[in-house]
Amino acid sequence: MGYARGTVSASAENAGIPTAEFRAEHRHLMAHVDRIRLAGGEVRDLPPGERAALVTEVLDFLRGTLLPHAEWEEQVLYTAVGELLGDARATAAMTRDHVAIGRMIEALGETDLADIARLQELLYGLHALIGTHFRKEEDLQLPAFDAAPPEVTARVLERMDALAGHGHSDDR
């Protein structure tokens, strides 16, 4: 999963804005998040072994891709938006979403695979919460960053590049 600038191609509609590649990354992630919703509908009809494999697949994505993305957001994007707005608390609600998502991931990992209702509740809930979180970022956080003075965005984009080599991979 790439978080560095240039690792995910930006669409023509977002070309030229500082967060173009971040938005492209969200589109890539949402394809996987949409798979979580589909998994919610599938778990009830799967035999136990296939159900376990499906839940494992979802957890692997959530733990191996989504949570590192959330950590990266907090280290880079939210810090930048907080600086731009003059208050580090400006992104507190977004960080709170990450906490809620993390707790739901933990709950999914601890749920008895025979408890179909709970599995569905968590899968559908994760899909809704992650989707809403991404929308808030796209509609509220990213525009604030895009509107920042060029010297500020340049400094943050350099920080993004530096962090890309520390703990983030291009695995998808």
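Here is a short chat about salt bridges and helices in this structure.

Me: What kind of model is this, and how are its residues numbered?
Reply: This is a predicted model, in which local features need pLDDT of at least 70, side-chain atom pairs count only at pLDDT 80 or more, and totals for chains, interfaces and linings use all residues. Residues are numbered from 1 along each chain as its sequence is written, and side-chain values use heavy atoms, with hydrogens and water left out.

Me: What makes Arg35 and Glu57 a salt bridge?
Reply: The term asks for a side-chain nitrogen of Lys or Arg within 4 Å of a carboxyl oxygen of Asp or Glu. For Arg35 and Glu57 the closest N and O atoms are 3.7 Å apart, so the pair fits. The whole structure holds 9 salt bridges.

Me: Which parts does the pair of Arg35 and Glu57 tie together?
Reply: Arg35 lies in helix H1 (residues 20-42) and Glu57 in helix H2 (residues 48-85), so the pair links parts that are 22 residues apart in sequence. Helices here are DSSP runs of H or I with at least four residues, numbered from the N terminus.

Me: Why is Arg35 called partly exposed?
Reply: Buried means under 20% relative accessible area and exposed means over 50%, with partly exposed in between (1.4 Å probe, protein chains only). Arg35 has 27%, so it is partly exposed. Glu57, at 41%, is partly exposed too.

Me: How do you know whether Arg89 and Asp87 are buried or exposed?
Reply: Arg89 has a relative accessibility of 65%, so it counts as exposed. Asp87 has 29%, so it counts as partly exposed. These two residues form a salt bridge, with their closest N and O atoms 3.0 Å apart. Elsewhere, salt bridges that share partners join Arg23, Glu138 and Asp146 into one network.

Me: Why is H3 called roughly antiparallel to H4?
Reply: Angles over 145 degrees count as roughly antiparallel. They run from 0 to 180 degrees between N-to-C directions, with axes being lines fitted to C-alpha atoms, for helices over the stretch in contact. The axes of H3 (residues 92-110) and H4 come within 10 Å and cross at roughly 160°. That angle makes H3 roughly antiparallel to H4.

Me: Where does H4 bend?
Reply: H4 bends by about 35° at Glu137. The bend at a residue is the angle between axes fitted to the seven residues ending there and the seven starting there.

Methods:
Helices (H or I, at least four residues) and strands (E, at least two) are DSSP runs, numbered from the N terminus. Angles under 35 degrees count as roughly parallel, over 145 as roughly antiparallel, 65 to 115 as roughly perpendicular and the rest as oblique.
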